[in-house]
Amino acid sequence: MRRIPRPLPRHLSNSCLDDQHSMETIHTVAWMKQVASEARLRERITGLVPTMGALHEGHFSLVREAKRRCSPVVASIFVNPKQFGPSEDFQRYPRQLEKDRAALEDLGVDYLFAPSTEEMYPKCFRSSVVVEGLSDGLEGRTRPGHFRGVATVVLKLFQIVQPRLAFFGRKDAQQVRIIQQMVRDFSLDAEIVVCPIAREADGLAISSRNVYLSAAERKAATALYRSLDAMRKEVGRGERNTARLLEVLREVIRAEAGVRLDYAEIVDADTLEAVPSLRKSCYALLAAFVGGTRLIDNAPIEEEGQSFNVTL
Ligand code: AMP
């Protein structure tokens with residue numbers, strides 16, 4: 001019996017050199033692994049942009065950076081059930097695969113990896129990854145098990161796609177820190193590239209969850225950015241005491257009816273533990289409920305000479 005030859009992965013065929021770019025959508029782990037292995041064999045620099053879809057400018061900025069540095073570029077879309085708590089928005093999380101597919105193709109992505117839940121987590125699936133010490137505070141306190149789900153899916157994606165570079169947003173600063181630790185602990189080959197937060201014109205960090213906001217909530221949601229900006233100004237005036245800086249931040253949130261602070265902390269960038277006064281490298285992070293929608297934002301605070309610099 002004659003075997004039907006498998007098509008050559010598109011980045012290895014002439015088509016990737018053509019002007020007419022076409023993206024291949026892959027739904028199975030086996031085929032994605034095959035494509036990734038061949039790319040690695042040919043010493044290509046595979047870039048991975050992991051997402052949960054409902055793509056926006058934040059995701060696109062990651063893809064653009066990946067395109068600048070890698071070929072082929074793989075974007076993944078997988079709404080990972082393991083990182084949602086039982087009372088969270090897994091069921092209603094926005095899903096728009098066709099629209100996302102078109103946008104990724106326009107950006108020149110080579111492969112979209114969009115597996116089903118069963119493909120990623122067959123019934124026999126039993127393992128998980130826990131990055132001790134970094135996963136329980138901040139987001140982890142309100143969302144127990146969240147980072148176990150994130151680390152598990154990211155390790156699995158790295159195994160399947162074998163990226164040399166993987167692109168993440170600083171929007172999820174704790175997630176970035178946890179993934180960097182996992183990469184170090186397990187001697188993974190992927191290098192983590194951290195991209196800045198994409199914001200709306202009024203400062204609101206762009207998020208797939210912003211679609212849940214009513215017009216009034218959308219306006220109120222800028223309080224997160226404004227609170228960090230107020231803190232930034234206070235740092236500029238020379239304040240180093242984190243309790244006082246957090247008070248300035250909380251004051252802005254309190255003034256906005258309809259926004260309820262979940263947490264606000266200033267932590268060491270490495271340990272993610274709260275610090276009493278600013279040090280070399282730290283982060284101000286906060287989460288707040290705007291109506292029923294939970295939003296997060298953050299700002300790194302870096303020592304530069306005699307002063308501190310806050311990046312928004
Ligand atoms: P998500 O689809 O929410 O899991 O996000 C996928 C990736 O996009 C993560 O690395 C996020 O940190 C990143 N991301 C989400 N929103 C933004 C944003 N506003 N700016 C930069 N990166 C973002």
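This is a short talk on the sheets, aromatic rings and salt bridges of one predicted model.

Two ground rules before we start. The model is predicted, so local features need pLDDT of at least 70 and side-chain atom pairs count only at pLDDT 80 or more, while totals for chains, interfaces and linings use all residues. Residues are numbered from 1 along each chain as its sequence is written, and side-chain values use heavy atoms, with hydrogens and water left out.

Let's begin with the sheets. Helices (H or I, at least four residues) and strands (E, at least two) are DSSP runs, numbered from the N terminus. Two strands pair if DSSP finds at least two bridges between them.

One open sheet has six strands. Their order is E1-E4-E3-E2-E5-E6, and the pairing is parallel. Which strands are at the edges? Strand E1 (24-26) and strand E6 (191-195), each pairing on one side only. Neighbouring strands here are turned by 25 degrees against each other on average, direction ignored.

Look at E3 and strand E4 (residues 111-113). Three bridges join them, and they run parallel. Val 74 stands opposite Tyr 111 in E4.

Now the helices on this sheet. Contact means heavy atoms within 4.5 Å. Axes are lines fitted to C-alpha atoms, for helices over the stretch in contact, and angles run from 0 to 180 degrees between N-to-C directions. Helix H2 (residues 57-69) lies across strand E2 (47-51), E3, strand E5 (165-169) and E6. H2 runs at about 155 degrees to E5. H6 packs on the sheet too, touching E2, E3, E4, E5 and E6. The direction of H6 makes about 145 degrees with that of E2.

On to the other sheet. Four strands form an open sheet in the order E7-E8-E9-E10, and this pairing is antiparallel. Strand E7 (259-268) and strand E10 (307-310) stand at the edges. Each has a single partner strand, so one side of each is left without a neighbour in the sheet. The twist averages 20 degrees from one strand to the next.

How many bridges join strand E8 (residues 281-290) to strand E9 (residues 293-304)? Ten, and the two strands run antiparallel. Take Cys 282: its bridge partner in E9 is Ile 301. Helix H10 (residues 242-254) lies across E7 and E8, at about 160 degrees to E7.

Next, aromatic rings. A pair of rings is described by the distance of the centres and the angle of the planes. Rings of Phe, Tyr and Trp (its six-membered ring) pair if their centres lie within 6.5 Å; planes under 30 degrees apart count as stacked, over 60 as edge-to-face and the rest as tilted. The whole structure holds five aromatic pairs.

Why is the pair of Phe 78 and Tyr 121 called tilted? The centres are 5.8 Å apart and the planes are at 55 degrees, so tilted is the right word. This pair links distant parts of the chain, 43 residues apart. Phe 78 is in the loop between strand E3 (73-77) and helix H3 (97-106), and Tyr 121 is in the loop between helix H4 (117-120) and helix H5 (139-142).

Buried or exposed? Buried means under 20% relative accessible area, exposed over 50%, partly exposed in between (1.4 Å probe, protein chains only). Phe 78 is buried at 6%, and Tyr 121 is buried at 11%.

Phe 84 and Tyr 93 pair edge-to-face, at 5.7 Å between centres and 75 degrees between planes. Phe 84 is buried at 11%, and so is Tyr 93, at 7%. Phe 78, Tyr 121 and Phe 125 form one aromatic cluster.

Some charges sit over rings. That needs NZ of Lys or CZ of Arg within 6 Å of the ring centre and within 35 degrees of the ring normal. Lys 82 lies over the face of Tyr 121, 4.5 Å from the ring centre. The charged end of Arg 95 sits over the ring of Phe 90, 4.9 Å from its centre.

Last, salt bridges. One is a side-chain nitrogen of Lys or Arg within 4 Å of a carboxyl oxygen of Asp or Glu. The structure holds 24.

Arg 143 bridges to Glu 88, with the closest N and O atoms 2.7 Å apart. These partners are 55 residues apart in the chain. Arg 143 is buried at 10%, whereas Glu 88 is partly exposed at 26%. Finally, shared partners join Glu 65, Arg 68, Arg 69 and Glu 191 into one salt-bridge network.
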